[in-house]
Amino acid sequence: MIYNKAPQNSSLGYILFQYDLYPEKIEQFGKVKKVVSRKGTFALKESTMTNEQANWFSHVMRRLEKLNYNKIIPIIPTKYGDLTISHQNKTYYLQPWFSEEAELREDKKELTLFKQLGKLHGLTVKPQEFSKETIENSYQDLIKRWEKRRLEMEYFAEEAERKAYISPFELTYLTHFSRMDMMANVAVNYLKEWRDQCLEKESYRACLCHGKLDRNHIFYHPNGYGYLLNFEKAVLDTPARDLAISFRRSFQYNLWSEDQGSDWLATYEDSLLLEDEEKKLLASYLIYPEIIFHCIDHYRKRDGSITELQFVQVLEKRIITMSRVDHFIHNTLLRKPSDESK
Amino acid sequence: MDILRQIRVEYGLSELKWIKQDETFHSEYGTKRVRFWKDKQLLLWHVKWRDEISQQSGVLLDRMIRTEDGNPFFYCEKGWVSLHDEIEEPFPFNRTEKDWGRLIGTILAVGLKQSDDCHRFKKTESLSLKAVHGGIKDEIDPMAKLVLERSYFEAKSRVRKAHHLRDRMHPIKLPILTSLSKLANAKQVFFHLFWVCGADEPVRSYQPFRVFLEEWYELNGEDSTVKLLNEINCYFALKGDHGKLFLSECLLPYEYEDVINELFSSNKKNDMDIVMDKFFKRWEISRSLVLLLSNWLEEDHKKAVAK
């Protein structure tokens with residue numbers, strides 16, 4: 001006889017019923033519940049996905065299974081075959097619980113990540129039906145967004161300059177502002193080159209993008225493999241965008257070096273070689289100083305939980321990162337084989 | 001091969017014991033029901049229908065539990081077999097119109113969407129009142145005969161009104177609905193509605209909805225029925241042409257047909273009083289429901305005129 005020890009929480013009971021899970025113990029870890037049962041130990045994830053997003057998410061997971069891509073943490077279907085459960089404006093899904101993560105060297109973590117990202121993109125990449133309008137619209141949208149951001153940052157700089165006493169953070173920002181502004185212009189130029197090349201070639205590619213892959217969304221199994229998780233933001237898009245997101249997210253873990261970037265790119269390109277125009281697009285995403293602007297946003301909304309000194313340190317670190325990104329783009333990403341022979 | 005042994009293999013269950021042979025059994029994951037299907041197309045329709053209703057409404061249904069290979073059924077010597085949860089605790093009616101409205105509204109919406117795709121499911125046969133009336137024989141109590149003769153004229157008038165209402169409208173599609181009768185089919189799982197769908201062949205008609213609403217009205221009264229209609233209307237536009245079409249369905253005097261069939265079937269002759277009582281009751285419920293429904297349909301119209 002099974003005794004259901006689930007708390008008298010009707011929502012949780014409603015969800016676990018659909019998995020025939022009779023929990024012996026439930027622990028909460030943020031948005032994840034660890035459910036220990038006779039069937040095994042599972043992670044029940046709560047997400048804010050809408051019904052439409054949940055359908056897409058299920059489609060993505062089924063597609064990856066069909067493609068035999070097995071380096072993902074699988075989603076366990078309900079007893080009725082659904083991958084997600086929608087309940088009271090939330091979406092829930094169940095995965096096996098993994099507790100023992102491998103202790104990897106810091107530099108190995110991102111290498112594993114970019115290896116899997118390359119495999120995911122390589123397996124799902126497809127040339128898209130060419131549409132001049134799509135390219136043109138993407139270009140114009142991004143230009144508009146960047147210009148708006150740039151103006152906001154310019155305004156912040158002007159405001160700081162007008163002050164009688166400039167804060168250390170503002171001073172650091174002002175010192176580097178013209179360089180950041182220059183980088184934003186370089187990003188626009190690379191983006192223009194991407195657009196021109198696409199229009200000339202009349203082709204572009206799209207693949208399944210994870211959407212926010214970083215260390216938090218990969219499980220480092222003791223068997224040496226990395227298993228991707230959290231495909232809630234997955235989309236069909238250019239590989240360059242997903243790669244740029246993962247590069248940017250990975251910068252934050254340590255003071256990133258140009259050599260590391262070369263290794264990440266090489267590992268990625270073992271599975272999917274980027275086209276020339278995709279490299280331009282990646283370069284434009286990376287060189288656009290969004291990480292600096294993001295830091296300014298935080299500073300403007302500061303609530304005292306981070307000190308002025310800490311803000312300066314973060315900003316300095318990001319400025320150094322941007323300088324290295326600049327070198328990485330020129331010395332590695334956009335370097336042609338003919339340059340090496342010189 | 002014994003069916004329980006096959007279930008053990010197909011579903012990866014182990015501790016199985018019949019409660020009622022070939023119907024329900026105990027398992028380590030609760031009580032389950034086995035259903036045998038002779039018609040594979042009907043089974044496939046039920047799988048798809050249940051999945052869609054449950055996913056859209058969030059209401060639990062006795063959906064087909066998947067086998068270890070992810071299939072909604074398997075084959076055995078007796079035909080196709082599906083496995084379902086068997087729940088005993090009944091779902092309450094008090095102040096649950098919201099849940100019921102979500103379920104019934106979604107059933108109507110999905111039924112209408114399916115109307116173009118499922119051509120195999122026919123309309124309910126139209127009522128031939130004349131033939132029904134011709135079935136009245138002299139062998140019954142003269143008073144009962146008199147009541148039935150008089151009711152015939154009222155029944156004819158109801159059919160006429162129903163046809164008139166239908167003919168005045170532009171032709172619109174009818175939903176595909178499976179049986180919604182027996183409110184006792186509503187069970188609860190952790191305070192949530194769990195609806196047992198059965199295995200009936202669906203029809204292209206509002207008749208199952210009428211049967212449901214009559215039962216609801218009888219059990220829960222007028223206020224609750226109005227609340228339920230309002231809730232249904234959130235998921236399916238019942239105010240408007242579909243409401244009128246439903247009203248025309250409610251006008252049809254099926255109870256008249258049923259009473260004559262029951263009275264003159266050989267084994268019912270001795271239960272005449274019971275049968276006639278049931279007829280009066282159904283006639284009255286049907287009359288009150290038609291009145292309530294027409295008022296409900298005109299409510300907004302009256303409000304608009306008053307403004």
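How many of the 342 residues of chain A count as buried, given as a percentage? I opened the notebook with this question, and I noted at the start that I am working from a predicted model. The answer I found is that 33% of the 342 residues of chain A count as buried.

**Entry on chain A as a whole**

I looked up the secondary structure next, and for chain A it comes to 11 helices and 10 strands. I then took the extent of the chain along its principal axes, where the C-alpha atoms of chain A fill a box of roughly 75 × 50 × 40 Å. When I turned to the contacts in chain A between residues at least 6 apart in sequence, I saw that 75% of them join residues at least 24 apart.

**Entry on the annotated region**

I checked the UniProt record, an unreviewed entry, and it places the feature "domain: Aminoglycoside phosphotransferase" at residues 52–275 of chain A. Over those residues, 52–275 of chain A, I noted 55% helix and 12% strand, with the end C-alpha atoms 33 Å apart.

**Entry on the two domains of chain A**

Where do the domains of chain A begin and end? The domain assignment, which I kept apart from the UniProt feature in my notes, gives domain 1 as 10–96 and domain 2 as 106–330. I recorded that the C-alpha centres of domain 1 and domain 2 of chain A lie 31 Å apart. Their contact takes 10 residues from domain 1 of chain A and 14 residues from domain 2 of chain A. On the side of domain 1 that touches domain 2, the largest share is 3 residues, and these come from helix α2 (residues 51–66) of chain A. I sorted the residues of that side of domain 1 by type and listed 8 nonpolar, 1 polar and 1 charged.

**Entry on the nonpolar cores**

I went on to the largest nonpolar core, which has 62 residues, and found that the members touching the most other members are A:A187, A:A244, A:L282, A:L286 and A:I287. Helix α5 (residues 168–201) of chain A gives the most to this core, with 11 residues. Why does this core lie between the two domains of chain A? I reasoned that domain 1 (10–96) and domain 2 (106–330) both give residues to the core, so it lies between them.

I followed A:L282 further and, leaving aside its neighbours within four places in sequence, found it in contact with A:A240, A:L243, A:A244, A:L274 and A:L333. Apart from the largest core lies another core, of 42 residues, and among its members I wrote down B:L174, B:L180, B:L213 and B:L247.

**Entry on chain B**

For chain B I counted through the same headings, beginning with 9 helices and 10 strands. The C-alpha trace of chain B spans about 60 × 60 × 35 Å along its principal axes. Of the 307 residues of chain B, I noted that 32% count as buried. Among the contacts in chain B with a separation of 6 or more, residues 24 or more positions apart account for 74%.

**Entry on the contact between the chains**

Last, I looked up where the chains meet, and found 12 residues of chain A in contact with 12 residues of chain B. Which elements give two or more residues to the side of chain A that touches chain B? I identified them as α1 (10–17) and β4 (85–87) of chain A, and the largest share of that side, 4 residues, comes from α1(A). By type, I listed the residues of the side of chain A that touches chain B as 4 nonpolar, 5 polar and 3 charged.

Terms used:
Residues are numbered from 1 along each chain as its sequence is written. Chains are lettered from A and ligands numbered from 1 in the order in which they are written. This is a predicted model: local features need pLDDT of at least 70, side-chain atom pairs count only at pLDDT 80 or more; totals for chains, interfaces and linings use all residues. UniProt positions are given in the numbering used here, feature names are shortened, and annotations may be inferred rather than shown by experiment. Domain bounds come from an automatic or database domain assignment. Two residues are in contact if their C-beta atoms, placed from the backbone, lie within 7 Å. Ala, Val, Leu, Ile, Met, Phe, Trp, Tyr, Cys and Pro count as nonpolar, Asp, Glu, Lys and Arg as charged, and the others, Gly among them, as polar. A residue is buried if 20 or more other C-beta atoms lie within 10 Å of its own, exposed if 12 or fewer, and partly exposed in between; C-beta atoms are placed from the backbone. A nonpolar core is a set of buried Ala, Val, Leu, Ile, Met, Phe, Trp, Tyr and Cys residues joined through C-beta atoms within 7 Å.
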